[in-house]
Structure formats: structure tokens, C-alpha cells
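Colleague: Thanks for making time for this. Could you walk me through the side-chain pairings, one by one?

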Amino acid sequence: MGALAFLHRFGARLNPHGHFHGVVVNGVFEADGAGGARSRTAQGLGSEGLAEIPTEVRVRLLRALARRELLEREDVQAMGAWEHGRSFSLDARVRVEADDRRGLEPLLRYCTRPAFALERLREIAHGHRVYESVRPGLEGASA
């Protein structure tokens, strides 16, 4: 199985917003007998299986953070009690077929984008710049 994870530390308004994007191969790679490899689509991972992943990720991550003493036990317990979706989510609606390079490129560009978009920075006076929000009026929300 193959996967890529992209850590993002900021939201669209340069607000602190730690999160990551992942691209996961829906299948496994196996030897093709000619010294190469081929992929085989995974069977049995439907919407029910995908729905269980965020909960399992949350449990394992919180356990690891507690074990490494990066979070206080009380905080780990509180975060573990949050309603589903408040801290971890999975969106598996985006699907790109194996040979769809035109679909794969925009997905990877989105995942690898930098936190700071130069096209949103503009000078309003000499030495004064402003960074324009993607969604004006939502400065208090995270992106």
C-alpha cells in the first residue's frame, strides 16, 4: 500500500491551524513477474470502513501523544470525548483513477501548496502590505 501525507501548519488566513492532507492508494502493489510491479485495487473498503478510520486515528494519535507526554492526560481525555468530527475528519469523496494524470496533478498541487500565497499579498502604502483573506469576513474561523 502507498500513501503520502502533507503537514499543513496554517489555514487560508495564515492562522495557526495544524492539519494534514493525505493521498492514499486504494490498493496494493505486487510483483508482476517481469521485474516490475502492478497495482491491484483493494477490495472491501467501502464507506463503512472509511467511516471508522477517523475514530481509530483519533484514538491512536491521542494515545501516542499521552505516552510521549506531549499532552496532559486530562486534555487527552477531554479530546477523546469530543463529538466525532470536531478534531478528526476524513473526506474520501475525491477519487482519481490510476491513469488520470490530469486529475492527479491538481489534487497533489492542492496538498503541496505553501501556507503563504504571494498573489494574496498586496502593498497598500509604501512599506505596508496586507494579506487578503480567501473568505473575507471570516477572520475568526479556521480554514
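Here is our chat about charged pairs, rings and one helix residue.

Colleague: Before we start, how many salt bridges does a search of the whole structure find?

Modeller: Happy to help, and please keep in mind that this is a predicted model. Side chains of opposite charge can pair when their charged atoms come close. Searching the whole structure for such salt bridges gives a total of 5.

Colleague: Which side chain meets R60 in a salt bridge?

Modeller: Look in helix 1, which covers residues 47–67. The partner is 4 residues away there, so about one helical turn separates the two. R60 is exposed at 53% relative accessibility, while the partner is partly exposed at 39%. With N to O at 2.6 Å, the side chain that meets R60 belongs to E56.

Colleague: Next, E105 and R109: what is the N to O distance in their salt bridge?

Modeller: Both residues sit in helix 3 (residues 101–111), and because they are 4 residues apart, about one helical turn lies between them. E105 is partly exposed, with 45% relative accessibility, and R109 is exposed, with 56%. Their side chains meet in a salt bridge with an N to O distance of 3.0 Å.

Colleague: And which residue forms a salt bridge with E132?

Modeller: The closest N and O atoms of this pair are 2.2 Å apart. E132 lies in the segment after strand 6 (128–131) and its partner in strand 5 (residues 121–125), so the pair ties together parts 10 residues apart in sequence. E132 is partly exposed at 32%, and the partner is partly exposed too, at 43%. That partner is R122.

Colleague: Turning to rings, which residue has its charged end over the ring of Y110?

Modeller: A search of the whole structure for aromatic pairs finds 0. The ring of Y110 does have a charge over it, 4.0 Å from the ring centre. That charged end belongs to R113.

Colleague: Is A66 buried or exposed?

Modeller: A66 lies in helix 1. Its relative accessible area is 6%, and the cut-off for that lower class is under 20%. A66 is therefore buried.

Colleague: Last one: how far apart in space are A66 and V76, C-alpha to C-alpha?

Modeller: Leaving aside neighbours within four places in sequence, A66 is in contact with L71, R73 and V76. A66 and V76 are 10 residues apart in sequence. In space, their C-alpha to C-alpha distance is 6.7 Å.

Note on methods
Residues numbered from 1 in each chain as written. Predicted model: local features only at pLDDT ≥ 70, side-chain atom pairs only at ≥ 80, totals over all residues. Heavy atoms only, no water. Salt bridge = Lys/Arg side-chain N within 4 Å of Asp/Glu carboxyl O. Buried < 20%, exposed > 50% of the residue type's maximum accessible area, 1.4 Å probe, protein only. Phe/Tyr/Trp six-rings, centres within 6.5 Å; stacked < 30°, edge-to-face > 60°. Lys NZ or Arg CZ within 6 Å of the ring centre and 35° of its normal. Contact = heavy atoms within 4.5 Å.
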